[in-house]
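Colleague: Could you walk me through this one, a question at a time? I would like to look at the backbone and then at the ligand.

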Amino acid sequence: MRRNKQLGWSDVTPKSQWMNRRHLMVGTAAALIASPGLLRAEAAPSIYSTDEEPNTFEDLSTYNNFYEFGTGKEDPAYYASALTTDPWSIVIDGLVDKPGTYDLADVIKDQPIEERIYRFRCVEAWSAVVPWQGFELSGLLNRVGVQPGAKYVYFETLVRPEEMPGQQSTFIEWPYREGLRLDEAMNPLTILATGLYGEDMPNQNGAPIRLVVPWKYGFKSIKSIVRISLVAEQPQTTWNMLQPSEYGFYSNVNPTVDHPRWSQASERRIGSGLFGGRIDTLMFNGYEEQVASLYAGQDLAKDF
Ligand SMILES: Nc1nc2c(c(=O)[nH]1)N[C@H]1C(S)=C(S)[C@@H](COP(=O)(O)O)O[C@H]1N2
Ligand SMILES: [Mo]
């Protein structure tokens, strides 16, 4: 069910990006200039957006990892429509001033939702460019009041096997869980996303609300969140629990530290077709300037 239309693609896309996008050049330039969308467009482009060409909505909503719906890339698009996302509440607990069970509307209340066009890099060496709508996680954490002892943020996804057929398999110990160090969680690049391409988040992409941490491998960006806990110790996370030698807690995109079974030096952009070729993977997925200082003094081959 669609709650409401999110901040639209055309609402926040700067003119230069519009003019560069071949797939939007369907009308004449004059028609674009005359459209009200373009006038609003000049109001609020995000300084955090890449100017790379986003993948299509079709690419982004039909090639997914969401193991609660199966392990195949097409399983989420096929099965996730059965997921009930309204009503939705999130438990926020642990070392916070205002713990509680918050209705989704209350979680997003007063948070400035904006469009962020982010690079996205899966640990399986494919990548995408995604126009998310979302707000900074720090805004929510500040609102609930992080207590001094909190050092990490822990997240859980919904467990509802009746609607999530992949949860009948037990190779993952449900719930899917993830975590960030508090400074990572507070970084302005870290968002809770509620939409894609100006529409409410498709279920297969993590409706109604999911994390997006663009400098880390995709599995850190946990979907369909029902719990956020502020904790003192580094939390257990799904992929680290499954195979700690392959998936570290940090999981920062790093082309110089290979996965034990494959290289991380390059990636395939989804939707680029058979002849798209591979592109070089960038340190911290291209967000080095914004996040490298978080890891000053850490050995990233050890803290992978
Ligand atoms: N709950 C949950 N979150 C998840 C996953 C999952 O299986 N379950 N897969 C992760 C992985 S491996 C990736 S690459 C991204 C994929 O996000 P996308 O489908 O929006 O591209 O979601 C991440 N979040
Ligand atoms: Mo992934």
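**Backbone and ligand**

Modeller: Asn285 is found in the loop between strand 12 and helix 11; helices (H or I, at least four residues) and strands (E, at least two) are DSSP runs, numbered from the N terminus. This is a predicted model, where local features need pLDDT of at least 70 and side-chain atom pairs 80 or more, while totals for chains, interfaces and linings use all residues. Residues are numbered from 1 along each chain as written, chains are lettered from A and ligands numbered from 1 in written order, and side-chain values use heavy atoms, without hydrogens or water.

Colleague: Thanks! What is the phi of Asn285, and how buried or exposed is this residue?

Modeller: Asn285 is not a glycine, yet its phi is positive, at about 55°. Asn285 counts as buried (under 20% relative accessible area; exposed is over 50%, partly exposed in between; 1.4 Å probe, protein chains only), because its relative accessible area is 1%.

Colleague: And what is the phi of Phe284?

Modeller: Phe284 lies in the loop between strand 12 (279–280) and helix 11 (288–291). Phe284 is buried, with 3% relative accessible area. This non-glycine residue has a positive phi, near 50°.

Colleague: Which residue does Trp174 join through a cis peptide bond?

Modeller: Look in the loop between strand 5 and strand 6 (177–181), where Pro175 lies. With omega about 5°, the cis bond joins Trp174 to Pro175.

Colleague: What is omega for the peptide bond from Ala207 to Pro208?

Modeller: Pro208 has its place in the loop between strand 8 (199–200) and strand 9 (210–212). The bond from Ala207 to Pro208 is cis, and its omega is near -5°.

Colleague: Which side chain makes a polar contact with that of Glu156?

Modeller: Glu156 is part of strand 5 (residues 152–157) and counts as buried because its relative accessibility is 17%. A polar contact is a pair of N or O atoms within 3.5 Å; within protein, one must be able to donate a hydrogen and the other to accept it, and residues adjacent in sequence count only if both atoms are side-chain atoms. At 2.6 Å, the partner side chain is that of Tyr154.

Colleague: How much of the accessible area of ligand 1 does the protein cover?

Modeller: A backbone N or O atom of Tyr67 is 2.7 Å from a ligand 1 oxygen, and one of Ser221 is 2.9 Å from a ligand nitrogen. A side-chain N or O atom of Lys223 lies 2.6 Å from an oxygen of ligand 1. Of the 540 Å² accessible on ligand 1 alone (Shrake-Rupley method, 1.4 Å probe), the protein covers 97%.
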